[in-house]
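Thanks for making the time this morning. I would like to walk you through how some strands and helices are arranged here, so please have a look at the sequence and the structure first.

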Amino acid sequence: MRKILNLLPLICLILVVSCKKNNLTTSAQKIVTEWVGRKITIPDVNSTYMGTDTIMEKKHMPYRILIYTDSTGCVSCKLRLSTWKYYMHEIDSLSPGQVDFLFYFQPKSSKDLTNLLRINSFEHPVYVDQQGEINRINNFPSKIEYQCFLLDSQDRVLLIGNPTLNPKMWELYKQMLTERDDEKSIETTVEIECREIELKDLKTDIISNAAFVIKNTGSKPLLISHVDASCGCTVPHWESRPIKPEEKTEIKIEVKPDNSGYFNKSIYVYTNTNEKVIPLRIKGRAE
């Protein structure tokens, strides 16, 4: 985060086309300062693939680029789908498997949006936010320049600014996503005794407990920055302190099924390992 704060003047400089106008510079700086570090709430809305309804599986990647486009003005001009296609291809080449792209569109006409997706052969699923739910929840800035965000794994804003409107902003995005030698130097390795636990005698509305044992097998301290559970019925607990080399730690999970039947839940552990996000699983049958 300190690195990002040091870049604030540069971000403002890029966002403001002409910095001769002090009021524009001040406005950009205010927006950037307000949004960097802020957590964005991402709602579940209908998704589509080339105009066909689809179910989008949540991807757990270290970074996400969130693009929001409302229904005002020339939507085709604002979407800039061909530019985004190029950017996605470039990022996939530079940082494969590290960045997910979330497109939230609020079109006046779903039919027109479908035509745009097909004309541009835009084969990435998008969210059709007809009611502008994501904007209502987060109250995004009104200008399109500030309706694009680079997010970390916890959906906190690292950068704000639409790179399709300014190539220099895209260079800043790539810098943040690829120049991470400092983090690579403190990567470690781990050994996990069991990545999948099956619990017996699960009862609805009654808490059961499970624990995943992780051993730091590298030469650097193991850092667990966050543990994400796929459901509120699984609550993770973990040590926030650095885990020394050759030391073990536990990811403890409280499980409280709210329905009877087959139970199968995922847990994602965010670490400073080469794997970055470690998937774990708890399953069983609740009575």
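Let me begin with one residue pair: Asn209 has Glu254, in strand 13, as its bridge partner, strands here being DSSP runs of E with at least two residues, and helices runs of H or I with at least four, each numbered from the N terminus. Before going on, I should say that this is a predicted model, in which local features need pLDDT of at least 70 and side-chain atom pairs count only at pLDDT 80 or more, while totals for chains, interfaces and linings use all residues. Residues are numbered from 1 along each chain as its sequence is written, and side-chain values use heavy atoms, with hydrogens and water left out.

Strand 10 and strand 13 (residues 248–255) run antiparallel and are joined by 8 bridges, where pairing requires that DSSP finds at least two bridges between two strands. Strand 10, residues 208–216, also pairs with strand 8, residues 190–192, in the antiparallel sense over 3 bridges, and there Glu191 stands opposite Lys215.

Turning to another sheet, 4 strands form an open one in the order 9-15-14-11, with mixed pairing. Strand 9 (196–202) and strand 11 (224–229) each have a single partner strand, so one side of each is left without a neighbour in the sheet. Within this sheet, strand 14 (residues 261–271) and strand 15 (residues 277–286) run antiparallel, joined by 10 bridges, and Val269 stands opposite Ile278 of strand 15.
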